[in-house]
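Here are my notes on the aromatic side chains, set out as numbered points for you to check against the model.

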Amino acid sequence: MTTANQGTRVLVLNSGSSSVKYQLLDMRDASRLAVGLVERIGEETSRLKHTPLATGSGSREQNGPIADHAAALKAVAAELALDGLGLDSPELAAIGHRVVHGGLKFSAPTVITDEVLTEIERLVPVAPLHNPANITGILTARALRPDLPQVAVFDTAFHTTMPESAARYAIDVATADEYRIRRYGFHGTSHAYVSRETARLLGKAPEDVNVIVLHLGNGASASAVRGGRCVDTSMGLTPLEGLVMGTRSGDIDPAVTFHLKRVAGMSADDIDALLNKKSGLVGLCGDNDMREIRRRCDEGDEKAQLAFDIYIHRLKKYIGAYYAVLGKVDAIAFTAGVGENAAPVREAAIAGLEELGLAVDGELNAVRADTARLISPEYARVAVAVVPTDEELEIASQAYELVTPGANS
């Protein structure tokens, strides 16, 4: 798409059910001009925290009721205007929206039209917690700047390159097709960014590198990336499948749900809440903060230790599985809150995998840094890396390149 707008700024919006996270970036040097968060939208205790990085004047806070997303974005626009960064600025080239579910239709960033919005709405049944909030943010932003390109960047897009052998579940094809049941995967912007940055760290082009990316936060997912293209990922139809997470179970025998309905009399909503909000680490030991779990482990807490062991066991299984899928692995990259900061997780996940060419250097692993780095010894056949993710930059870059062709070439 071409546009007469020659601006270099992109506003990135991540609209949740009761929150809006935002960043304003200048794509000339990928610098942050402002960042902020509106939380508890619709409550009396709403809060807006805005940090104008361009001016260095420190954060500002608003506390008090913010009725809805429209009011939230108007408040954000007002805060940006105070710093000379308002939404009416000719420097603004686009607004990039994180949209969680794009199904199979959207495999790339897409300028939002009425037809695109209709398709995002059609995907609400497979993303009932996320897509409605994303739609609300889009509609509000369009109302504020109807003349500006609005770009949807989809969490699922990076995973649309999976072969059917990886994306299909082994259920009746007609039923699966009618109800769109397949593995879609999530955290795609993170997996795309981190796999590319890992190749850069190795001094190679993305198409020449096979990487296993481990995005470990409160939500967690793994992906197998061959030559810059995702060939498998751990999350499925929803973000519930795969690794053990903060509050989600990850992989589980689907018959458990039938058992809970028959034996415990639990409803579908009860089971949904159990598996998504009361399972994972919090279900196993009552904590979903890895720092607290490790503190408890160090004090001899058996529940915390078991939770940690189950978490690591599942992680190892996916490393091994994706090693087999790729055949040849150049690097394993840890990212997101736990992956970037929890040295014991990285050490435990790689321990015992020496026959696969994997090892972690204890001293390198213990270093805390906010830059991409290798933590494997020089003799290791497979590099082990810590690569901080930057989903906002990935969204901004994709949106800017779409509305300003050739900008990143």
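1. Phe154 is buried in this predicted model, its relative accessible area being 2%, which falls under the 20% cut-off used for that label. Phe106 is likewise counted as buried, because its relative accessibility comes to 6%.

2. A search across the whole structure turns up two aromatic pairs, and one of them joins Phe106 to Phe154 in a stacked arrangement, with 4.6 Å from centre to centre and 5° between the planes. Since Phe106 belongs to the loop between β6 (92-99) and β7 (110-111), while Phe154 belongs to strand β8 (residues 150-154), this pair ties together parts that stand 48 residues apart in sequence.

3. Tyr318 and Tyr322 also form a pair, and because their ring centres are 5.6 Å apart with the planes at 75°, the arrangement is edge-to-face; the cut-off for that class is an angle over 60 degrees. Both tyrosines are found in helix α11 (residues 302-326), where a spacing of four residues corresponds to about one turn of the helix.

4. As for the accessibility of these two tyrosines, Tyr322 is buried with a relative accessible area of 3%, and Tyr318, at 11% relative accessibility, counts as buried as well.

5. A contact involving a charge should be noted alongside the ring pairs: the charged end of Arg294 sits over the ring of Phe308, at 4.5 Å from the centre of that ring.

Note on methods:
Residues are numbered from 1 along each chain as its sequence is written. This is a predicted model: local features need pLDDT of at least 70, side-chain atom pairs count only at pLDDT 80 or more; totals for chains, interfaces and linings use all residues. Side-chain values use heavy atoms; hydrogens and water are left out. Rings of Phe, Tyr and Trp (its six-membered ring) pair if their centres lie within 6.5 Å; planes under 30 degrees apart count as stacked, over 60 as edge-to-face and the rest as tilted. Helices (H or I, at least four residues) and strands (E, at least two) are DSSP runs, numbered from the N terminus. Buried means under 20% relative accessible area, exposed over 50%, partly exposed in between (1.4 Å probe, protein chains only). A charge sits over a ring if NZ of Lys or CZ of Arg is within 6 Å of the ring centre and within 35 degrees of the ring normal.
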